[in-house]
Structure formats: structure tokens, C-alpha cells
Amino acid sequence: MAISKDLLEILVCPLCKATVELLPGETGLKCVQCKRVYPIRDDIPVMLIDEARIEE
Amino acid sequence: MSSAAVQGELWGKRPRDYAAYLEQVTLPLQGAALDAAHVMAGTHLLDAGCGAGLLAVLASLRGAHVTGIDASPGLIGIPRERLPAADLREGELESLPFPEGSFDAVTAVNSIFYTADMAKAMRELARVVRPGGRVVVTAWGPPERCEFLSAVLAGVGQLMPPPPPDAAPGHPGALSKPGELAALLQGAGLRVLDEGEVSCPFVFPNAETSWRANASAGPNQMAIAHSGEAAVRAVYIEADRNHTRPDGTIRYENVFLWAAGERV
């Protein structure tokens, strides 16, 4: 449980600026709008558009 | 590959050497940026291009709440160790993962000239600061006032690969002309409040430490990948020889520039 809830409150998708949601197991952060999933590696969210994958 | 991915990989090759030997050469500039951004206890600060986290550590010593973002997966693990409670993430300045108006202050110390689109990055910095909040950006001063650049830029430049057509500026000489930093702030809709310059002598106890420090820098890693370590090191051996003082210490006098803007 390394990603704090406070942190998530100010986290948005770098592309469309919509809210992101923490996936179960804290494996990634998913944009509620464009459905891009940003990976979390070594407890650090990788908020790079190039590294995200769209998961419907 | 995006400019962030390219820079991120280059700066992450020798993160421990960067953190231990190179990051602190701009210590006076880091302090000036914190002062210009009015960072104090309780300030919610974003450090954009946080590197190994020196400014983030200094800001946390002032009692600020620090968020750091950097394009280098190799480097960002170091501030994670230094500041376990800080909010750190990998990302690029041109597309920040924060809502509008998230921070009281934003700093970008010697990072914005490495972005592919400096105007876009600046608009992002301006977007995430709150109205009335400050954004501070810094850059190298004119090359003729930076002994370090004068000593190594031409030599290392010859060892670099030819730039691709979509190359990032990525050049420490960018933004060094009078008024360029202020114009960048203004172009993003910020009101320019103040500008200044800071002397940052690069001091190394010996040539070996100088090389450990400098080999960790992104541009030198690019030159090493293209031309081999021996060729790049030869540039530094010659430069260091010309800047060795009577006690054996190597010292380059440099000037860095900063500009502070306010979101209206």
C-alpha cells in the first residue's frame, strides 16, 4: 500500500486531464475518460502517455 | 521515442553518480529558485524535472509539501529513497498529470530546455499552479559567462550523433539570452515578477571525481554511446587541466539565470 489516497486525489490523466482510478492490486492507474492505463512501477506511477495502454 | 523517453534514459544511466557528484553543483541555484517561488512551511510545491530530488529535499526541510515529477525512471528512484513520504512520479513536463491549479508554487530548475516543446511545457507549468501562485524556471547563463560550457561544449558536441529531424532542443545554451526566460513565462500567460542570476561554480576535488560527476549527465551519456567513453573523457581531461587551481582543485565559474512569474 504505497500509493496514498491523498496522492490519488490530485492525479489526473496527463492527456485528457480526467480522473484516474487505482486498479486492483495497485498495478496501474486507469483514466475514466480515455481508458488509458498508466503502469505503477516500484511504487512510482508512470504517467507517460507513450507508456500507457488503452484497456476498454 | 519522445523527448522525455530519450532524456529519461540518458539521465538514468548513472543515477548514483548524478546524485552524489553532479546534482549539487547547482546548489546555490536550487536555493534561489525556492526563494523566488516563495517556498515555505505548508507550501504545496511541484518540482518539474526533479532529477534525484535535491530541490525536493531542500523544500521539505523548509516544511513544504513536495510533489516531484521526472522523465527518468532511473533517477526517480533516488528521491523515492530520500523522501519516502513525497509524491513522486514519472512523467513529462509537456503533459503533466495534475488538475488545473493544484499547487502553490512550481519550480523547473534546468529542466525546461530539455523538453521538445518548451512553450507547451511552460503552459503546463502555468496551468497547474493556482491563481496567485508562482512559477520559477531556470537556465544556464550565456556561454561566455559559463566557463564549464566554454570548456566542454564544442568538444563534446563533436562526439554527439547528428540530431534527428524531430530533435528536442536539449541544449544547455537554450534560454541563455537576456529576456528569453521571461518571454517564455509571458507566453504561457504568466505575469513576470522578478528575474535574477546566481553564481554556481562547479568545484571538483580531482579529475576522477569530475569525470564521475560529468559522465552521469544526459548529454555526455549520449556522446559516450556514440563515440565511446575514452573520447568523451579526453575532452574532460583537457578541460579539467585548464581549470585546475594551485591546490589541485578543479573549478569552473558559471552563471545561471532564473525568472519568476505569477498566475493572474
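Here is a short chat about strands, helices and the chain contact in this predicted model.

Residues count from 1 along each chain as its sequence is written, with chains lettered from A and ligands numbered from 1 in the order in which they are written. Local features need pLDDT of at least 70 and side-chain atom pairs count only at pLDDT 80 or more, while totals for chains, interfaces and linings use all residues.

Me: Which residues of strand β3 (residues 36-41) of chain A point to one face and are buried?

Reply: Strands here are DSSP runs (E, at least two residues), helices are H or I runs of at least four, and both are numbered from the N terminus. Buried means 20 or more other C-beta atoms within 10 Å of the residue's own, exposed means 12 or fewer, and partly exposed is in between, with C-beta atoms placed from the backbone. Side chains alternate along β3(A): A:V37, A:P39 and A:R41 point to the other face and are not buried. The buried ones are A:R36, A:Y38 and A:I40.

Me: Which residue in the turn of the β2(A) and β3(A) hairpin has a positive phi?

Reply: Strands pair if DSSP finds at least two bridges between them, and β2 (residues 28-31) of chain A runs antiparallel to β3(A) with three. A:G28 has A:P39 as its bridge partner. The hairpin leaves four residues between the strands, and the one with a positive phi, about 70 degrees, is A:K35.

Me: Which residue of β4(A) stands opposite A:I40?

Reply: β3(A) and β4(A) pair in the antiparallel sense over two bridges. They form a hairpin with two residues between them, and A:D42 in the turn has a positive phi of about 50 degrees. Opposite A:I40 is A:P45.

Me: Which strand gives the largest share of the side of chain A that touches chain B?

Reply: Contact means C-beta atoms, placed from the backbone, within 7 Å, and here it takes 17 residues from chain A and 18 residues from chain B. Four residues of chain A's side make up that largest share, and they come from strand β4 (residues 44-47) of chain A.

Me: And what does A:V46 stand opposite in β3(B)?

Reply: β4(A) runs parallel to strand β3 (residues 87-91) of chain B, joined by two bridges. Opposite A:V46 is B:E90.

Me: Are helices α2(B) and α9(B) parallel or oblique?

Reply: Take axes as lines fitted to C-alpha atoms, for helices over the stretch in contact, with angles from 0 to 180 degrees between N-to-C directions. The axes of α2 (residues 15-22) and α9 (residues 207-215) of chain B come within 7 Å and cross at roughly 125 degrees. Under 35 degrees is roughly parallel, over 145 roughly antiparallel, 65 to 115 roughly perpendicular, and the rest oblique. That crossing therefore makes α2(B), relative to α9(B), oblique.

Me: Which residues of α2(B) make the contact?

Reply: On the α9(B) side, the contact is made by B:T209, B:R212, B:A213, B:N214 and B:A215. From α2(B) come B:D17, B:Y21 and B:L22.

Me: Which residues of α9(B) are buried?

Reply: The buried residues of this helix pack against elements of chain B including α2, β7 (202-204) and α10 (218-227). They are B:S210, B:W211, B:A213, B:N214 and B:A215.

Me: Is B:G179 buried or exposed?

Reply: B:G179 lies in the loop between α7 (147-157) and α8 (180-187) of chain B. Its C-alpha atom is separated by 9.0 Å from that of B:E195, 16 residues apart along the chain. Because B:G179 has 12 other C-beta atoms within 10 Å, it counts as exposed.

Conventions
Contact = placed C-beta atoms within 7 Å.
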